[in-house]
Amino acid sequence: SDTEEYIRLEGDFSALKDPCMKSEIQYLDKEKAVFQVSEEGGLELPDFMVQEGIVFVSAPCKEWMEEEGMDYVFFKQAEVYSDTFGIHETYWIMVPPRIDCLDIDKSVLHLEWDFYDGLLPLLEAEKIAVLPEMAGRFQMFKILGLLDNNIYVREAFYQKAQSQGCSQMAI
């Protein structure tokens with residue numbers, strides 16, 4: 001499906017954006033977030049979507065992920081609604097952990113410095129290589145130290161998700 005067919009959300013993303021992008025779950029509460037479906041997008045409800053840098057997964061997709069052992073991912077409930085279109089769905093904001101599993105020798109990186117959060121070296125990646133032994137059992141994660149908001153998913157898990165759990169992805 002074309003991503004234009006999928007819903008787009010409206011609402012206040014500001015309190016969620018930084019903690020979700022940085023995987024700083026200590027700044028997220030467990031209160032349900034509420035977003036209205038924009039009239040600008042389509043009406044199809046995907047299993048997995050990214051909006052304003054925040055990852056949303058459908059309730060069935062979350063359930064499937066938990067059955068697959070993804071107990072290391074933080075989920076925050078989100079209500080998605082449109083009175084106009086008769087949509088009222090539960091989604092889950094998903095925050096994968098950032099883990100230290102970057103293979104620096106096989107990755108192509110550019111170093112930047114963050115002077116605002118203290119003197120921290122941050123890496124901008126041109127090409128990523130992961131040390132599988134450092135990722136452990138995690139099937140989906142972000143990489144510690146990188147500036148990006150990319151979520152890395154192991155190939156076998158991605159294939160299984162496509163066939164069984166989370167097939168409609170609006171990314």
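**Fold contacts, a three-stranded sheet and an internal cavity**

Among contacts in the protein between residues at least 6 apart in sequence, 64% link residues at least 24 apart. The structure is a predicted model. Its secondary structure consists of four helices and twelve strands, and 43% of the 171 residues of the protein count as buried.

One part of this architecture is an open sheet of three strands, arranged in the order E7-E10-E11 with mixed pairing. Its edges are formed by strand E7 (98–99) and strand E11 (152–153), each of which pairs on one side only. E7 pairs with E10 in the parallel sense over two bridges, and Arg-98 stands opposite Lys-142 in E10. Strand E10 (residues 140–143) is joined to E11 by two bridges as well, but here the strands run antiparallel. In this pairing, Phe-141 is placed opposite Tyr-152 of E11.

The burial of E10 was examined next. In a regular strand, side chains alternate between the two faces of the sheet. Met-140 and Lys-142 lie on one side of E10, while Phe-141 and Ile-143 lie on the other. All four of these residues are buried, and both faces of the strand are thus covered. Lys-142, which faces Arg-98 across the parallel pairing, is therefore under 20% in relative accessible area despite being counted among the charged residue types.

Lys-142 also contributes to the lining of the largest cavity. The cavity search yielded a count of one cavity of 30 Å³ or more, and the volume of the largest cavity is about 30 Å³. Lys-142 shares the lining with Cys-20, Gly-53, Ile-54, Val-55, Met-94, Val-95 and Pro-96. Strand E4 (54–58) and strand E6 (87–95) each provide at least two of the lining residues. By residue type, the lining comprises six nonpolar residues, one polar residue and one charged residue; the charged one is Lys-142 and the polar one is Gly-53.

Cysteine environments were also considered. A disulfide is a covalent bond between the sulfur atoms of two cysteines. The search of the whole structure returned zero disulfides. Cys-20, one of the residues lining the largest cavity, has a relative accessible area of 2% and is therefore buried. Cys-101 has a relative accessible area of 0% and is likewise classed as buried.

Notes: Residues are numbered from 1 along each chain as its sequence is written. This is a predicted model: local features need pLDDT of at least 70, side-chain atom pairs count only at pLDDT 80 or more; totals for chains, interfaces and linings use all residues. Side-chain values use heavy atoms; hydrogens and water are left out. On a 1 Å grid over the protein atoms alone, a cavity is a set of points where a 1.4 Å probe fits but cannot get out, and a pocket is an open set with protein on both sides within 12 Å along at least five of seven lines; lining residues have an atom within 4 Å of a point. Grid points are joined across faces, edges and corners, and a volume is the space filled by probe spheres set on the points. Two strands pair if DSSP finds at least two bridges between them. A disulfide is a pair of cysteine sulfur atoms within 2.5 Å. Buried means under 20% relative accessible area, exposed over 50%, partly exposed in between (1.4 Å probe, protein chains only). Contact means heavy atoms within 4.5 Å.
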